[in-house]
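Here's a quick tour for anyone keeping the model open on the other screen. Have a look at the strands, the pocket and the cysteines as you read.

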Amino acid sequence: MSLDSDSLPPSTSRDWFFPTPPKYPKYPRRFTANPRNSFPYCPPKKPSFRDVSETAPTPYRDFKYARTRRRVDVSQRSQRNNASDEANGAVSGPNPEVSGVSAAKKVSKIIGVLVRDLKNRWHMAVSVAVLITVFSSLLHKNFSLQNQVNELQDQISKSNISIGATNSIEQEIDHFPSKNLKILALSLSITLLSVPFLIFKYVDYVSKSRSLDNISEEVSLNKQLAYRVDLFLSVHPYAKPLALLVATLLLICLGGLALYGVTDGSLAECLWLSWTYVADSGNHADSEGIRWKLVSVSISFGGMLIFAMMLGLVSDAISEKLDSLRKGRSEVVEKSHTLILGWSDKLGSLLNQLAMANESLGGGIVVVMAERDKEEMELDIAKMEFNFKGTSVICRSGSPLILADLKKVSVSKARAIIVLAEDGNADQSDARALRTVLSLTGVKEGLRGHIVVELSDLDNEVLVKLVGGDLVQTVVAHDVIGRLMIQCARQPGLAQIWEDILGFENCEFYIKRWPQLDGMQYEDVLISFPDAIPCGVKVASYGGKIVLNPEDSYVLQEGDEVLVIAEDDDTYSPAALPTVWRGSLPKDFFVPKSTEKILLCGWRRDMEDMIMVLDAFLAPGSELWMFNDVLEKEREKKLTDGGLDINRLVNISLVHREGNAVIRRHLESLPLQSFDSILILADESMEDSAIQADSRSLATLLLIRDIQGNEMHIRHADLYLREGEELSFYEILLRARQRREIVIGYRFANAERAVINPPAKSERRRWSLKDVFVVIAEKDE
């Protein structure tokens with residue numbers, strides 16, 4: 001039996017070219033590996049490739065299964081060749097039965113192979129059919145979904161058209177009330193804007209009508225309203241900022257209403273847009289339409305006016321603050337400071353001494369308040385050009401008669417208050433000082449420090465003490481200077497001593513309490529301070545009165561303070577009592593007074609007081625020459641008006657000479673060599689100008705020194721010691737106590753300056769009778 005390709009079904013020959021399904025990739029290998037399964041050789045009628053391609057359609061070529069297809073084709077060809085060979089052998093072989101049985105087995109095997117191949121192809125066809133079915137169903141669903149989407153889009157578009165139509169209808173319905181509301185807002189804004197103008201016109205009309213009806217009416221209604229507005233703005237400190245704020249809010253509200261009437265925005269958006277126009281005038285550039293632009297330009301113009309007024313208020317406030325700082329109107333927040341009220345030519349030396357006094361404390365605060373400009377005061381103080389040594393000087397402009405100005409300089413917290421006398425008329429200056437004391441006593445917070453008041457006339461001291469009480473200490477500078485001049489003129493060299501003691505440059509007075517000295521006699525207190533010299537006691541039982549040169553038997557009580565002369569307040573302290581030999585005085589206490597001849601150059605306002613002091617100090621028969629350019633008749637009248645009775649003078653006689661003290665020939669007409677002392681006074685005609693008065697006195701001094709040269713002494717050493725005697729300063733101090741004197745210093749014969757509060761008081765030294773001593777005594781000899 002031979003199998004030919006023509007005997008197979010047409011489908012079989014065509015299926016050779018289909019790819020083998022991936023489910024059976026190994027089947028052809030197993031089939032071709034067994035040689036017994038090969039068919040007997042039967043030359044088939046093989047169709048050519050051209051025939052197959054002509055009879056069968058071109059199959060779908062899958063390159064993935066190309067190799068498997070070729071293997072199956074080769075195996076099938078080998079099976080056909082084997083089958084044809086076996087058939088030929090069976091025909092020509094000698095055993096036909098065996099060959100027939102084997103041929104039947106081979107046929108059955110071939111049939112089985114074909115059956116399996118048909119099954120495989122059937123499964124493949126079923127799978128392809130299923131895939132085609134699924135694909136077609138998915139494609140159908142896709143087309144159906146696309147149709148549904150198109151239908152839904154059509155429905156949505158129809159719905160949107162209906163909704164848009166509905167909204168347009170609703171907008172058309174709502175447009176009528178919103179349009180009416182916008183018109184109402186625009187009308188309201190215009191009405192409110194025109195109300196102030198109508199009110200002003202009405203007030204002006206009423207004022208004019210009243211003025212025509214009633215001629216006697218003095219003030220019109222518009223003037224009264226303007227006065228009320230001015231009064232409100234001037235009385236209330238925050239009236240101007242408040243008015244500006246109200247104007248800003250009104251502009252924003254009116255502008256917002258107007259914008260709401262000409263635009264499509266909401267009221268809140270229009271109010272915010274109005275604020276932007278007010279804050280920045282350039283924001284209206286985006287406006288559209290004539291009405292919108294007109295309203296926005298109006299709002300921006302109002303905003304420019306408001307911000308211009310705001311800048312003016314801010315500028316005025318800053319300028320006022322800087323002006324108050326420049327003019328010294330700000331408050332001084334200090335405590336334990338020195339307060340000086342007033343301004344005079346003595347301020348420079350006073351500040352210098354205060355600076356030296358505060359040097360040991362590391363500096364201090366001095367506040368000066370006067371009725372002068374702050375910049376002028378600071379400029380004058382800067383011209384003084386001395387070292388303040390850590391002390392700060394603060395200047396404030398104000399009046400000491402006004403409590404508000406006194407509080408501005410913290411008067412209640414000041415450590416000390418100094419009231420300076422003004423230059424000029426003495427009575428006017430003292431009257432002002434009296435009113436200043438009244439103002440100080442009226443401070444409600446009270447005063448911590450004491451008050452020192454400088455007066456120009458001794459007669460006014462009683463009134464000031466009557467007003468101020470114990471809190472006030474008075475210094476009549478004019479009278480004190482006159483007394484010092486008399487003492488210094490009679491005792492040459494004493495001026496330098498007073499300069500050292502009263503100033504802070506060398507030794508000065510200090511008062512302090514020392515509890516360890518309570519119960520000690522004053523005689524022992526004198527030698528208890530190695531670095532200081534006690535001069536008196538501030539007695540607590542006498543209300544704090546200072547007693548100079550007290551009795552040796554006085555015992556210090558609790559609360560008493562010791563007055564000493566020392567270099568500084570922290571350079572002295574009491575020590576153990578030294579052993580000192582008292583000794584005896586070399587001569588008698590009594591020293592007879594000798595007549596003196598004194599010359600007064602110039603005329604002072606208190607000349608009568610100086611004459612009375614000289615009459616008390618000088619010996620009987622002394623002469624007082626008065627040389628000035630005041631006529632003799634006017635002199636007697638001035639002295640009499642001042643309270644001096646010339647007939648009651650006991651020790652001196654007055655000699656009058658007329659002339660100018662700065663002209664040399666006038667001075668040469670005087671017997672300058674015969675005078676024991678010459679006093680050059682600041683002339684009364686020059687009291688208003690301290691510089692001119694000093695210049696005149698200096699010129700007189702130079703002329704007199706050129707004409708005369710004088711050398712005089714204070715206290716001679718022969719009152720306390722003998723020639724060549726070796727004594728310590730403590731021993732001389734105790735000898736002086738026998739004369740009721742306190743020795744505070746000495747000057748060697750060949751020295752130019754005196755030594756006050758000398759060191760090494762226990763050291764012995766040899767003294768000369770030409771040496772002089774500086775003492776504190778009750779009466780001058």
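## The four-stranded sheet

Start with Ile511, which sits opposite Leu563 in E10. This is a predicted model, by the way. The two strands involved are E7 and E10 (residues 561-566), and they pair in the antiparallel sense over five bridges.

Zoom out a little and you get an open sheet of four strands, in the order E7-E10-E8-E9, with antiparallel pairing. At the edges are strand E7 (508-512) and strand E9 (545-548), each of them pairing on one side only. On average, neighbouring strands of this sheet are turned by 30° against each other, direction ignored.

## A parallel pair with a helix in between

Now scroll back along the chain to strand E2 (residues 365-370) and strand E3 (residues 392-397), which run parallel and are joined by six bridges. If you want a residue to click on, try Val366: its bridge partner in E3 is Val393.

How does the chain cross from E2 to E3? It goes through helix H11 (residues 374-384), and the resulting β-α-β crossover is right-handed.

## The second largest pocket

The second largest pocket holds about 920 Å³ of space. Its lining takes in 30 residues, and the ones nearest its centre are Leu193, Leu250, Leu251, Leu254 and Gly302.

Which elements give two or more residues to that lining? They are helix H5 (96-213), helix H7 (239-262) and helix H9 (290-326). H9 supplies the largest share, with 11 residues.

## Cysteines, buried and not

If you're thinking about thiols, note that the structure holds zero disulfides. So which cysteines are buried? Cys270 has a relative accessibility of 2%, so it counts as buried, the cut-off being under 20%. Cys601 is buried too, because its relative accessible area is 2%.

Cys253 is another story. You'll find Cys253 in helix H7, and with a relative accessible area of 42% it is partly exposed. That label applies because 42% falls between the 20% limit for buried and the 50% limit for exposed. Cys253 also makes a handy landmark: Ser189 is 64 residues away from it in sequence, yet the two are 8.4 Å apart in space, C-alpha to C-alpha.

Conventions:
Residues numbered from 1 in each chain as written. Predicted model: local features only at pLDDT ≥ 70, side-chain atom pairs only at ≥ 80, totals over all residues. Heavy atoms only, no water. Disulfide = S-S within 2.5 Å. Buried < 20%, exposed > 50% of the residue type's maximum accessible area, 1.4 Å probe, protein only. Pairing = 2+ DSSP bridges. Axes fitted to C-alpha atoms, helices over the stretch in contact; angles between N-to-C directions. Right-handed = clockwise from strand over helix to strand, strands pointing away. 1 Å grid on protein atoms, 1.4 Å probe; cavity = no way out; pocket = protein on both sides within 12 Å on 5 of 7 lines; lining within 4 Å. Points joined across faces, edges and corners; volume = space filled by probe spheres on them.
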